[in-house]
Amino acid sequence: MNRIILLGPPGAGKGTQAKLLSQELGIPHLSTGEMLRAAAAQGTELGRRAEAFMSQGKLVPDELVLGILRARLESSDTRRGFILDGYPRNVAQAESLVEITPIDHVLYFEIPEGVLVERLSQRRNCPTCGTVYNLVTQPPKVPGRCDRDGTPLVQRSDDTEEAVRTRLRVYREVTLPLLDQYRRQGRLRTVSASGSVDEVAARVRAALA
Ligand SMILES: [Zn+2]
């Protein structure tokens with residue numbers, strides 16, 4: 001079975017790798033945000049409760065997220081496994097997760113802070129259509145302009161170096177105890193997330209083999 005958890009700071013490339021793995025292994029990529037939005041769109045009871053929090057811009061409580069995840073894991077497309085991206089985020093969530101499903105692999109995307117800051121500081125957004133570019137890895141065809149609509153690209157205020165360092169500090173405080181716990185259990189595999197998408201994908205495959 002490939003019941004996989006991907007851990008790592010924002011900008012480490014978990015989402016990109018999760019999509020590749022999902023196609024390769026034929027198992028769903030479960031990101032918390034997408035799962036909550038899907039449940040809300042389907043109008044399930046838990047989904048409607050989650051929507052009430054989201055529409056007020058509030059954090060959805062842990063037990064509600066867990067209920068929606070539990071329901072999602074009952075779908076037949078998870079028979080051969082799944083990729084959890086963005087969950088669990090802390091020790092309490094990891095302990096609840098154990099109650100609803102076994103986990104086969106925990107991969108931690110490790111990346112030096114300097115590389116991450118540089119990567120995120122190259123991000124540019126189109127304020128019209130929301131497309132995200134990276135000046136190094138995914139540049140627009142015409143410098144500074146959106147490919148779709150020609151709008152001048154902007155840098156989001158939370159992609160500035162100072163904002164990125166703050167986000168990383170918060171991430172480390174919450175997640176380090178979780179990493180320690182998986183490490184003590186002997187389940188944590190560390191994958192270097194520096195380098196190209198293909199290089200990281202090869203390391204991910206090796207870690208799962
Ligand atoms: Zn655009």
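Me: What makes Val164, Leu178 and Tyr182 the buried residues of α7?
Reply: A residue counts as buried if 20 or more other C-beta atoms, placed from the backbone, lie within 10 Å of its own. In α7, Val164, Leu178 and Tyr182 are the ones that count as buried. Across the protein, 27% of the 209 residues do. Bear in mind that this is a predicted model, where local features need pLDDT of at least 70, side-chain atom pairs count only at pLDDT 80 or more, and totals for chains, interfaces and linings use all residues. Numbering runs from 1 along each chain as its sequence is written.

Me: What do the buried residues of α7 pack against?
Reply: They pack against α5 (91–100), β4 (105–110), α6 (113–121) and β7 (188–192). A contact here is two C-beta atoms within 7 Å.

Me: Why is α7 called a helix, and how does its span fit what's expected?
Reply: Helices are DSSP runs of H or I with at least four residues, numbered from the N terminus. α7 covers residues 161–184, 24 of them. The expected span is 1.5 Å times one less than the number of residues, and α7 reaches 33 Å from first C-alpha to last, close to the expected 34 Å.

Me: Where does α7 kink?
Reply: At Thr175, by about 40°, shortly before the proline Pro177. The bend is the angle between axes fitted to the seven residues ending there and the seven starting there.

Me: Why is the protein called as compact as a globular one?
Reply: The globule rule is 2.2 Å times the number of residues to the power 0.38, with the radius of gyration taken over C-alpha atoms. The rule gives 17 Å for 209 residues and the radius of gyration is 18 Å, which is close, so the protein is as compact as a globular protein of that length.

Conventions: A residue is buried if 20 or more other C-beta atoms lie within 10 Å of its own, exposed if 12 or fewer, and partly exposed in between; C-beta atoms are placed from the backbone. Helices (H or I, at least four residues) and strands (E, at least two) are DSSP runs, numbered from the N terminus.
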